[in-house]
Amino acid sequence: MLRTMRAVDDRRMGTYNEPFGGDHPQLEEFHKGEWVEYAQQLLTNHGYPPQDHRIDGYFGPMTKEAVRDFQGHWGLDTTGVIDERTWGLLEGVEV
């Protein structure tokens, strides 16, 4: 599914405004934007929602813990960072 993100004039670090599709950005704590919101939705779909159950586009400590739990389940290093391998598992590309 190709989805276009709205343009946001926000020059603060950690905000991703690129369109969906193609390469995924590496996401980590304190990042925000629609890529984070997308990751939060995927985590929730896999049964690893942030503890506050908020899909708000902010990669806070609760989202980081959900990522770590997801990574641990799949035998990845539990960094809490959504990297290429974690994206693949979240989107069902890798097994």
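This section describes the fold, confidence, helices, nonpolar core and backbone exceptions of a predicted model.

The chain contains three helices and two strands, which follow one another along the sequence in the pattern β-β-α-α-α. Of its 95 residues, 36% count as buried. The exposed surface of the chain is about 6000 Å², and carbon and sulfur atoms supply 49% of that area. Among contacts with a sequence separation of 6 or more, 32% are between residues 24 or more positions apart.

Confidence varies along the chain. The mean pLDDT is 83, and 75% of the residues reach 70 or more. The lowest confidence is found in strand E1 (residues 15-16), with a mean of 48, and the highest in H2, with a mean of 98. Over residues 1-19 pLDDT stays under 50; for this stretch the model has 31 contacts beyond four places in sequence. Where pLDDT is low, predicted coordinates should not be read in detail.

Helix H1 (34-45) has 12 residues, and the distance from its first C-alpha to its last is 16 Å, close to the 16 Å expected at 1.5 Å a residue. Its buried residues are Glu34, Trp35, Val36, Ala39, Gln40, Leu42 and Leu43. Just after H1, Gly47 adopts a positive phi of about 90°.

Helix H2 comprises 13 residues (residues 61-73); at 1.5 Å a residue these should span 18 Å, and the end C-alpha atoms are indeed 18 Å apart. Thr63, Ala66, Val67, Phe70 and Gln71 are the buried residues of H2. These residues lie on the same side of H2, because they cover an arc of only 135° around the axis. An α-helix has 3.6 residues a turn, so residues three or four places apart point the same way. The cover over the buried residues of H2 includes helix H1 and helix H3 (84-90). H2 is followed by Gly75, whose phi is positive, near 75°.

The largest nonpolar core has 16 residues, and those with the most contacts inside it are Leu27, Leu43, Phe59, Phe70, Ile82, Trp87 and Leu90. At least two residues of this core come from each of H1, H2 and H3. H1 supplies the largest share, five residues. The surroundings of Leu43, one of the core residues with the most contacts, illustrate the packing. Apart from neighbours within four places in sequence, Leu43 is in contact with Tyr48, Pro49, Thr63, Ala66, Val67, Phe70 and Leu90. Of these partners, Thr63, Ala66, Val67 and Phe70 are among the buried residues of H2.

Two residues that are not glycine also have a positive phi. Most residues other than glycine have a negative phi. Phe30 has a positive phi of about 85° and is placed in the loop between E1 and strand E2 (32-33). Phe30 is exposed, with a relative accessible area of 54%. His53, with a positive phi of about 60°, is placed in the loop between H1 and H2. His53 is likewise exposed, with a relative accessible area of 60%.

How values were computed. Residues are numbered from 1 along each chain as its sequence is written. This is a predicted model: local features need pLDDT of at least 70, side-chain atom pairs count only at pLDDT 80 or more; totals for chains, interfaces and linings use all residues. Side-chain values use heavy atoms; hydrogens and water are left out. Helices (H or I, at least four residues) and strands (E, at least two) are DSSP runs, numbered from the N terminus. The expected span of a helix is 1.5 Å times one less than its number of residues. Buried means under 20% relative accessible area, exposed over 50%, partly exposed in between (1.4 Å probe, protein chains only). The arc is that of the directions from the helix axis to the C-beta atoms. Contact means heavy atoms within 4.5 Å. A nonpolar core is a set of buried Ala, Val, Leu, Ile, Met, Phe, Trp, Tyr and Cys residues joined through side-chain atoms within 4.5 Å. Accessible areas come from the Shrake-Rupley method with a 1.4 Å probe; for residues, only the protein chains shown count as cover. pLDDT is the predictor's confidence in each residue, from 0 to 100.
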